[in-house]
Amino acid sequence: MTPPPALQPAFENALAVLVGTATHVHPSELPAVPQAARSVLALHDALAAPQGSFAYPAGLRTVVDPRDADEVVDALVRPRDDVPPDRREPDVLLFYYAGHGFANADERQLRLALPATLSTRRGDGPSLPIGEVFAAMAASGARQCVAVLDCCFAGLALHAPEAARVHLLTAASEGYQAGFLDGRPDLPTAFTGVLLDLLHTGVPDEGRHLDLGTLYRRLAVILPASDPPRPDPTQRAVDDSADLALAVNPAHGTAHTRTGLCCRRDFALLARTAARRAADFDDRSRAAIHLTQAVHEARALTADATAALGRTDPDTLYYRELLGVLLGESGDSESARAVLTELASDLEADPDHAERLASVRARLARRITEEPSNPGRRDRLPLE
């Protein structure tokens with residue numbers, strides 16, 4: 001099924017404000033987060049036109065280590081200089097923040113750390129309440145507002161009354177810390193690193209553009225399946241905001257190539273890993289969602305590989321066996337048996353597939369659920 005087209009903001013009337021607090025000045029107790037600066041600069045490049053949805057330079061503003069809250073607010077409410085007076089209000093306003101996030105002990109409001117913030121334990125010193133950010137976004141007059149928050153406890157932003165009309169994408173829920181990469185100042189943060197990888201490599205079986213909904217669905221699988229696992233991101237959409245495109249999809253049109261199929265296989269396996277890790281934390285609901293997603297991905301992958309490569313191509317055989325395994329793990333033993341029985345029938349005619357045939361027969365007899373071996377397995381390659 002062809003995904004619905006994403007909503008592309010007009011280059012001339014979209015604004016992204018990217019903020020990062022990377023250093024902290026004495027007597028602040030907060031550790032530096034050099035990855036925040038790296039994240040801001042890398043995301044700036046990824047969002048810049050023509051691949052990204054924001055025109056360079058007028059549609060992109062970066063603020064690293066803001067001197068105070070007013071500098072951030074000004075970047076949000078100040079109109080673009082290159083638009084006519086009758087179009088001073090942007091259609092789309094995106095706010096991104098990377099750095100420390102915290103809440104005072106007596107409130108549930110997210111606060112964003114500034115260089116002079118003294119401590120997240122007590123909330124001493126100047127900081128930026130997220131409500132002020134959302135109020136500034138509303139004051140800009142933007143038709144659609146998006147906030148991407150890469151900080152600890154970012155999910156607290158969901159409770160802000162001013163967030164009612166803001167699409168929120170956060171690196172962690174309100175009770176969790178975000179993942180910074182200690183000792184690697186040259187890398188982005190964990191959340192933004194995955195987001196950047198998606199923007200740079202794309203999603204083979206999605207449309208021409210990468211929208212917020214697509215990016216969230218990928219982040220929600222990849223991050224908890226990472227090693228080490230990262231917190232589950234959160235998203236709250238407003239009306240059709242999940243369809244808003246952030247960039248061109250570099251992998252569009254590759255879904256039926258060997259490389260595209262390989263990438264889709266990787267995602268199905270990541271969904272399976274995410275399901276297992278959710279089960280380890282006794283989060284049965286999330287485990288079921290991820291496993292259902294893995295089965296859905298494997299089913300579509302198998303159908304497309306069969307059409308593109310043939311029923312008995314080595315890669316297709318692997319995908320078919322994987323589908324049977326995932327169906328079995330999901331509890332659909334009848335469908336799993338049907339898939340594996342049909343696969344065994346195809347394998348019996350070719351002696352070159354004796355090893356896989358033995359594996360499939362063993363699964364049918366013992367319900368073995370380990371990942372099937374794939375002698376021809378290809379690592380992720382540049383897009384064909």
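In the predicted model, helix 2 (residues 69-77) lies across three strands: strand 1 (14-20), strand 2 and strand 3 (92-98). Helix 2 runs at about 165° to strand 1. Helix 3 (residues 130-139) also packs on the sheet. Helix 3 touches strand 3, strand 7 (144-150) and strand 8. The direction of helix 3 makes about 155° with that of strand 7.

The sheet is open and has six strands. Their order is 2-1-3-7-8-10, and the pairing is mixed. Strand 2 (60-64) and strand 10 (234-236) stand at the edges. Each has a single partner strand, so one side of each is left without a neighbour in the sheet. On average, neighbouring strands are turned by 10° against each other, direction ignored. At one edge, strand 10 pairs with strand 8 (residues 166-170) in the antiparallel sense. Three bridges join strand 8 and strand 10. Thr170 has Thr234, in strand 10, as its bridge partner.

The cysteines were examined next. A disulfide is a covalent bond between the sulfur atoms of two cysteines. With a cut-off of 2.5 Å between sulfur atoms, the count comes to zero disulfides. Cys151 is in no disulfide. The nearest cysteine sulfur to that of Cys151 belongs to Cys152, 7.0 Å away. Cys151 counts as buried because its relative accessibility is 0%. For Cys263, the closest cysteine sulfur is in Cys262. The two sulfurs are 5.6 Å apart, too far for a bond. Cys263 is buried as well, with a relative accessible area of 8%.

How values were computed: Residues are numbered from 1 along each chain as its sequence is written. This is a predicted model: local features need pLDDT of at least 70, side-chain atom pairs count only at pLDDT 80 or more; totals for chains, interfaces and linings use all residues. Side-chain values use heavy atoms; hydrogens and water are left out. Buried means under 20% relative accessible area, exposed over 50%, partly exposed in between (1.4 Å probe, protein chains only). Two strands pair if DSSP finds at least two bridges between them. Helices (H or I, at least four residues) and strands (E, at least two) are DSSP runs, numbered from the N terminus. Axes are lines fitted to C-alpha atoms, for helices over the stretch in contact, and angles run from 0 to 180 degrees between N-to-C directions. Contact means heavy atoms within 4.5 Å.
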